[in-house]
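Reader: I should be grateful for a close look at a single part of this structure, followed by an account of its surroundings.

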Amino acid sequence: HTQSTNGFITPNHSSSATMKRPLSTLLIVTASSHAYTAPLNKGLEVRVCQDKDCLLDGSRETLDLVQSMTPADDGRITIGPCGCLGPCGSGPTIDIRQDGIRVKDTRDGQDNYFLFRQINSAKAVADMLTIAGVEPLQQTDSIAENNEAAVTGTRQWYDLDRNSRITLQRILYALTALPLLNAHLNGTWDVIGDAVVSNSYYAIAAAIFVASQFMGTSQRSNAMLEEER
């Protein structure tokens, strides 16, 4: 019951169970691949996405804000960059874990409670740290003189987020495949105008596929990603 509720077996529960259950039962529980204990003493881990989409949304500034607004401690708080966390286009996105267990975002209007999305201002950082049980430092520099000050993103209208790119790619593939399938069924494969051009349809399909891989990406976003690496 404890594992189904919490997602793990707490040390106290495990110890009490050990005292009350016979050895044969303990062997079965211990051998089960579905029973595991919560990771301990990992402290607070704050991971700020630095992948392409979040970089365009200003995650580099967000990482700096988080580092500057988090009080120094005895090493129990770890702050660093990470790769893509998932909800592209809603960044900057941050994953926070306490002893390996994800901290839920309880801010109003946030549907994804397991990731902190749109951490794009000093106020958003302060709210996030408060939810995680950390008292944010008072900012005095020019970036956060106004606690509502937004992080500056560089996303342009043509910088589609990853989910939008995937959707458009699939639509493009369907719009390409349907005419090719129709040509195959009607015996007009490789016909351009009134002439038959060998392998032309294969070449067209390959060109569309290659071009689609660059859909919605700008040189700016690619350069920022290379700098991070």
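Where is Pro 92 found? Please begin from that position and proceed to the rest of the chain.

Author: The model is a predicted one, and what follows should be read with that in mind. Pro 92 is found in the loop between β2 and β3. The peptide bond that leads from Gly 91 to Pro 92 is cis, with omega near -5°. Most peptide bonds are trans.

The two strands that flank this loop may be taken in turn. On one side, strand β2 covers residues 77–82 and includes Cys 82. With a relative accessible area of 13%, Cys 82 is buried, because buried means under 20%. Neighbours within four places in sequence left aside, Cys 82 is in contact with Arg 47, Val 48, Cys 49, Gln 50 and Asp 51. For Arg 47, the separation from Cys 82 is 35 residues in sequence and 5.8 Å in space, C-alpha to C-alpha. Cys 82 also belongs to a core of five residues, among them Cys 49, Cys 54 and Leu 115.

Lys 52 lies in helix α4, residues 52–56. The side of the cut-off on which Lys 52 falls is clear: its relative accessible area is 17%, so Lys 52 is buried. Between the C-alpha atoms of Lys 52 and Gly 83 there are 8.9 Å, although 31 residues separate the two in sequence. A further pair involves Asp 53, whose C-alpha atom is 8.3 Å from that of Leu 160, 107 residues apart along the chain. Leu 160 is in the loop between α6 and α7, and with a relative accessible area of 24% Leu 160 is partly exposed.

On the other side of the starting loop is β3, residues 94–98. This strand leads to the largest nonpolar core, which has 21 residues. Within that core, Ile 94, Ile 96 and Met 128 are the residues with the most contacts. The elements that give two or more residues to the core are β1 (44–49), α5, β3 and α6, and α6 supplies the largest share, six residues. In soluble globular proteins, nonpolar side chains tend to be buried together. The contacts of Ile 96, not counting residues up to four places away in sequence, are with Leu 44, Glu 45, Val 46, Ile 101, Arg 102, Val 103, Phe 116, Met 128 and Ala 132. The five-residue core that includes Cys 82 lies apart from this largest one.

Helix α6 deserves a description of its own. It spans residues 122–131, and its buried residues are Ala 122, Ala 124, Val 125, Ala 126, Met 128 and Leu 129. The cover over these buried residues includes α5 (59–69) and β3. Just after α6, Gly 133 takes a positive phi of about 85°.

Two residues other than glycine also have a positive phi. Asp 99, in the loop between β3 and β4 (101–102), has a phi near 50°. Asp 190, in the loop between α7 and β5 (191–192), has a positive phi of about 70°. Most residues other than glycine have a negative phi. Asp 190 has a relative accessibility of 8%, and therefore counts as buried.

Helix α7, residues 162–185, packs with helix α8, residues 200–212: their axes come within 10 Å and cross at roughly 175°. Because the angle is over 145 degrees, α7 is roughly antiparallel to α8. On the α7 side, Gln 169, Leu 172, Tyr 173, Thr 176, Leu 180 and Ala 183 make the contact, and on the α8 side Tyr 201, Ala 205, Ile 208, Phe 209 and Ser 212 do so. Eight of the residues in this contact are nonpolar, three are polar and none is charged.

For the chain as a whole, the secondary structure comes to nine helices and six strands. Of its 229 residues, 34% count as buried. Among contacts with a separation of 6 or more, 69% are between residues 24 or more positions apart. The chain exposes about 14000 Å², of which carbon and sulfur atoms supply 55%.

Key
Residues numbered from 1 in each chain as written. Predicted model: local features only at pLDDT ≥ 70, side-chain atom pairs only at ≥ 80, totals over all residues. Heavy atoms only, no water. Axes fitted to C-alpha atoms, helices over the stretch in contact; angles between N-to-C directions. Helix = DSSP H or I, 4+ residues; strand = E, 2+ residues; numbered from the N terminus. Parallel < 35°, antiparallel > 145°, perpendicular 65-115°, else oblique. Contact = heavy atoms within 4.5 Å. Nonpolar A, V, L, I, M, F, W, Y, C, P; charged D, E, K, R; others polar. Buried < 20%, exposed > 50% of the residue type's maximum accessible area, 1.4 Å probe, protein only. Core = buried A, V, L, I, M, F, W, Y, C linked by side-chain atoms within 4.5 Å. Areas by Shrake-Rupley, 256 points an atom, 1.4 Å probe, with all protein chains shown as cover.
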